[in-house]
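Let's work through a few exercises together. Try each task yourself before you read the solution.

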Amino acid sequence: MNNKIIYVVGFAIIAMTVIGTLAWGNANGKDFNGADDGGRDIANKRSDGGQLTKGIWGDYKLPTETESLLFAFQAAIGAIIIGYFIGRVTKGKK
């Protein structure tokens with residue numbers, strides 16, 4: 001089978017899954033809020049208002065700049081890994 005056909009069929013399956021999920025959820029009156037809203041609701045239900053878990057550094061709260069740096073570092077590592085595998089797949093076809 002031609003690779004173009006495989007890519008088109010794969011893309012069509014992914015598109016139908018996404019569109020079908022959104023259509024089915026909206027038809028049943030469900031709202032797609034995401035995990036952030038769910039976490040906020042659970043945190044608001046706590047009576048003492050404290051942390052839900054302890055971090056690696058205990059009770060010490062990292063500055064927001066450090067949190068942003070760690071998040072960007074995590075995203076960069078993921079992008080490097082994905083780029084490496086895409087490069088390996090495309091380089092092998094030449």
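## Exercises on a predicted model

**Exercise 1. Find out what share of the residues is buried.**

Of the protein's 94 residues, 2% count as buried. Keep in mind that you're looking at a predicted model. Next, take the surface: the accessible area comes to about 8,700 Å². Carbon and sulfur atoms account for 66% of that area.

**Exercise 2. Work out the pattern of helices and strands along the sequence.**

Start by counting: there are 3 helices and 0 strands. Then read along the sequence, and you get α-α-α.

**Exercise 3. Decide where confidence is lowest and where it is highest.**

First look at the whole protein: the mean pLDDT is 78, and 60% of the residues score at least 70. Now go to the helices. Helix 2 (residues 35–45) has the lowest confidence, with a mean of 68. Helix 3 (residues 64–91) has the highest, at 90. Why care? Where pLDDT is low, the predicted coordinates shouldn't be read in detail.

**Exercise 4. Place T17 and find the backbone oxygen that its side chain reaches.**

Step one: T17 sits in helix 1, which covers residues 3–27. Step two: check its exposure. The relative accessible area of T17 is 47%. Partly exposed means between 20% and 50%, so T17 is partly exposed. Step three: follow the side chain of T17, and you arrive at the backbone oxygen of I13, 2.8 Å away.

**Exercise 5. Describe the nonpolar surface patch, then look for an aromatic pair.**

The patch is made of F73, I77, I81, Y84 and F85. Together they offer about 540 Å² of accessible area. Take F73, which belongs to helix 3. Its relative accessibility is 54%. The cut-off for exposed is over 50%, so F73 counts as exposed.

Now for the rings. Searching the whole structure turns up 1 aromatic pair. The partners are Y84 and F85, with ring centres 5.3 Å apart. The planes make an angle of 75 degrees. Over 60 degrees counts as edge-to-face, and that's the label this pair gets. As for Y84, a relative accessible area of 48% makes this residue partly exposed.

Notes:
Residues numbered from 1 in each chain as written. Predicted model: local features only at pLDDT ≥ 70, side-chain atom pairs only at ≥ 80, totals over all residues. Heavy atoms only, no water. Helix = DSSP H or I, 4+ residues; strand = E, 2+ residues; numbered from the N terminus. Buried < 20%, exposed > 50% of the residue type's maximum accessible area, 1.4 Å probe, protein only. Areas by Shrake-Rupley, 256 points an atom, 1.4 Å probe, with all protein chains shown as cover. Phe/Tyr/Trp six-rings, centres within 6.5 Å; stacked < 30°, edge-to-face > 60°. pLDDT = per-residue confidence, 0-100. Polar contact = N/O pair within 3.5 Å; in protein donor to acceptor, adjacent residues only side chain to side chain. Patch = residues over 30% accessible without salt bridge, like charges linked within 9 Å, V, L, I, M, F, W, Y side chains within 5 Å. Salt bridge = Lys/Arg side-chain N within 4 Å of Asp/Glu carboxyl O.
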